[in-house]
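Let's take a friendly walk through a protein model. Have a look at the sequence and the 3D view, then read on.

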Amino acid sequence: MELPGIEVRMVERCGSTNAVLLAEGKPDVLLAAQVQTAGRGRRGRRWYSARGAGVTFSLSAVIRRPARELAGLSLVAGVAAARALRALGGAQAALKWPNDLVVDGAKLGGILVETRGSFAVIGLGINCRRDAALETRLRRPIAALEQFIPVHRNRLIERIARSLLEALATFQAHGLGPLAGEWERMDAHAGKRLRVRLADGRVLTGLARGLDGDGGLRLQTRSGMRAVRSGRVLSARPA
């Protein structure tokens, strides 16, 4: 696998690809692992990674945008991943704010962005093989790439990584704006009634109305339009 300007490292096993690259602090590195023994999701949740069950990798980069814009990186990565999966034949791939890839409401993958100043590590995990035992453990449906496209691990990583580098170049030059419309076109919850748990524990209900300028989720509530910048979508149903 070759990515111009990127050091590519493939390992059999590691704790967390994000943690390794954060500790190194070196930009322009892609680290992929067959197995992550301490994979992490957003807000400290665990990311389950069994050998052959999925694709997990991280990419490090220096992001030359104002600090207030870095929250949009998970949306940038989501657009890049969904764009690549659709190009490979996975037309069902959609996005769930702020950092999930979904198919028909089932989680296909997740994104974890961690930053230290202008240094950012973007981690992606995508389910390739259905795991009934994991679905039982998590008590929710999980989507897998094998359900709708052939899975060739290295080819998949390369296509997503190239798409991510292209999206990051757009973000570096112009911010989130040029990518926001594409994110909204792939939004799995567009126009639906959402229940969103805010960072302080409160639950907000409203109609999904796309993205705010800085990547927040716009909700049309009874008291007016609200922009949620930190939260988790609990449920979605038709308006």
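## A helix and its neighbours

Which residues of helix α5 (residues 177-185) are buried? In this predicted model, they are L179, A180, E182 and W183.

It helps to know that an α-helix has 3.6 residues a turn, so residues three or four places apart point the same way. Try turning the model to see what surrounds the buried residues of α5: they pack against the helices α2 (73-87) and α4 (153-174), and also against the strands β4 (94-96) and β9 (203-211).

## A sheet of five strands

Strand β9, one of the elements that the buried residues of α5 pack against, also belongs to an open sheet of five strands. Reading across that sheet, the order is β11-β10-β9-β8-β12, and the pairing is antiparallel. At the edges you will find β11 (224-228) and β12 (231-237), each of which pairs on one side only. From one strand to the next, the twist averages 45°.

Now zoom in on β9 and strand β10 (residues 217-221): these two run antiparallel and are joined by three bridges. To find a bridge partner for yourself, start at A208 and look in β10, where its partner is L219.

## A buried glutamate

Our last stop is E114, which lies in strand β6 (residues 106-116). Is E114 buried or exposed? Its relative accessibility is 18%, and buried means under 20%, so E114 counts as buried.

What does the side chain of E114 make a polar contact with? The partner is the side chain of N18, at 2.9 Å.

Key
Residues are numbered from 1 along each chain as its sequence is written. This is a predicted model: local features need pLDDT of at least 70, side-chain atom pairs count only at pLDDT 80 or more; totals for chains, interfaces and linings use all residues. Side-chain values use heavy atoms; hydrogens and water are left out. Buried means under 20% relative accessible area, exposed over 50%, partly exposed in between (1.4 Å probe, protein chains only). Helices (H or I, at least four residues) and strands (E, at least two) are DSSP runs, numbered from the N terminus. Contact means heavy atoms within 4.5 Å. A polar contact is a pair of N or O atoms within 3.5 Å; within protein, one must be able to donate a hydrogen and the other to accept it, and residues adjacent in sequence count only if both atoms are side-chain atoms. Two strands pair if DSSP finds at least two bridges between them. Axes are lines fitted to C-alpha atoms, for helices over the stretch in contact, and angles run from 0 to 180 degrees between N-to-C directions.
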